Structure formats: structure tokens, C-alpha cells
Amino acid sequence: MGAVGLGEVLLVDAQLVLAVLQVVALKFFDKGLPWTNELIRNSVFFIAMTGAAIAAQADKMISMDFVTRMVKPKTKAYLRAMTRVFTIFICVMLVIGGMVLSREGMGGEQYQLMEPAKVVLALPIGGGLIALH
């Protein structure tokens, strides 16, 4: 695990600690930290897309090994190529969809830390990184 992977583990751990603190604050003090829910909700996009990009770079994406074990090498190469083309297509759709969402904004939702339209930029950035690998 590299520095980026370790950083992502630390971010997930920080999310967990914040969630626990929020529950404790709500349960015992009847008042939570106002920014905690927004921070956890927004960071999920960034952490998920970073993890997907790391998995793509390390070539550790989910694969259907049980199917490829039953086919000939030529068919296996064809399936691998088709899977990569499909992955690129999905990534392009993520990039386009994320840009559209960011451009249109996310409505009049109240925010304290980060505008939702900026949070959605994690989708096209992550999709682009995955497509590059």
C-alpha cells in the first residue's frame, strides 16, 4: 500500500471517528456538530473515487475470473478488451454526468463547508483517472 492508499485508509478512519462523535454528541448532549454530516457525506465521493483510481492503477479491479478460466486464451483476450472498452465508456459517462451536475448546481441546498456542485467534481476527476489507467 502506497502513501495515497494509506492516506485513504486514514480518511476512512477519520470518517468513522466523526460519525461516532456525532452519534455520541446527539445521544448525550442532544446537539450534534453542525458540519459533521456534511463533511462525511461529501468526503464519501472523494474517497470512493480515489479508491477506484488506485485500484485501476494497481490493476486490482473486480474481475470475473471464474468466466475466464473456462474459455480459450483468444476468447479471454477478447473479453478483457471488451471489459476495458466498457470501463472506459462508463468512465466517460461519469465525466460527462459529473460535469453536467457541477454546471447545473445541486439546487438551493444549504451548505456550510463546500458547495455541492464542487463536491460532484469528484465524479469526473475520478472517472478520468480511471479511464487513463
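This passage looks at helix H2, its packing against helix H6 and the core the two help build, all in a predicted model.

Helix H2 runs over 36-57. With 22 residues, H2 spans 31 Å from its first C-alpha to its last, close to the 32 Å expected at 1.5 Å a residue. H2 isn't perfectly straight, though: a kink of about 25° is centred on Ser43. Ser43 itself is among the buried residues of H2, a list that also includes Glu38, Ile40, Asn42 and Ile47.

Thr36 belongs to H2 as well. Thr36 counts as buried because its relative accessibility is 0%. Setting aside neighbours within four places in sequence, the contacts of Thr36 are Leu18 and Gln22.

Then there is the partner helix. H2 and H6 pack with their axes 9 Å apart and at an angle of about 5°, which means that H2 is roughly parallel to H6. On the H2 side, the residues that meet H6 are Phe45, Phe46, Met49, Ala52, Ala53 and Ala56. They face Ala122, Leu123, Gly126, Gly127, Leu129 and Ile130 in H6.

Some of these residues turn up again in the largest nonpolar core, which has 8 residues: Met49, Ala53, Ala56, Cys91, Val120, Ala122, Leu123 and Ile130. H2 and H6 (122-132) each supply at least two residues of this core. Met49 is a good place to see the packing in the viewer: leaving out residues up to four places away in sequence, Met49 touches Ala122, Leu123, Gly126, Gly127 and Ile130, along with Leu94. As a general matter, nonpolar side chains tend to be buried together in soluble globular proteins.

How values were computed. Residues numbered from 1 in each chain as written. Predicted model: local features only at pLDDT ≥ 70, side-chain atom pairs only at ≥ 80, totals over all residues. Heavy atoms only, no water. Core = buried A, V, L, I, M, F, W, Y, C linked by side-chain atoms within 4.5 Å. Buried < 20%, exposed > 50% of the residue type's maximum accessible area, 1.4 Å probe, protein only. Helix = DSSP H or I, 4+ residues; strand = E, 2+ residues; numbered from the N terminus. Contact = heavy atoms within 4.5 Å. Expected span 1.5 Å × (residues − 1). Bend = angle between axes of the 7 residues up to and from the residue. Axes fitted to C-alpha atoms, helices over the stretch in contact; angles between N-to-C directions. Parallel < 35°, antiparallel > 145°, perpendicular 65-115°, else oblique.
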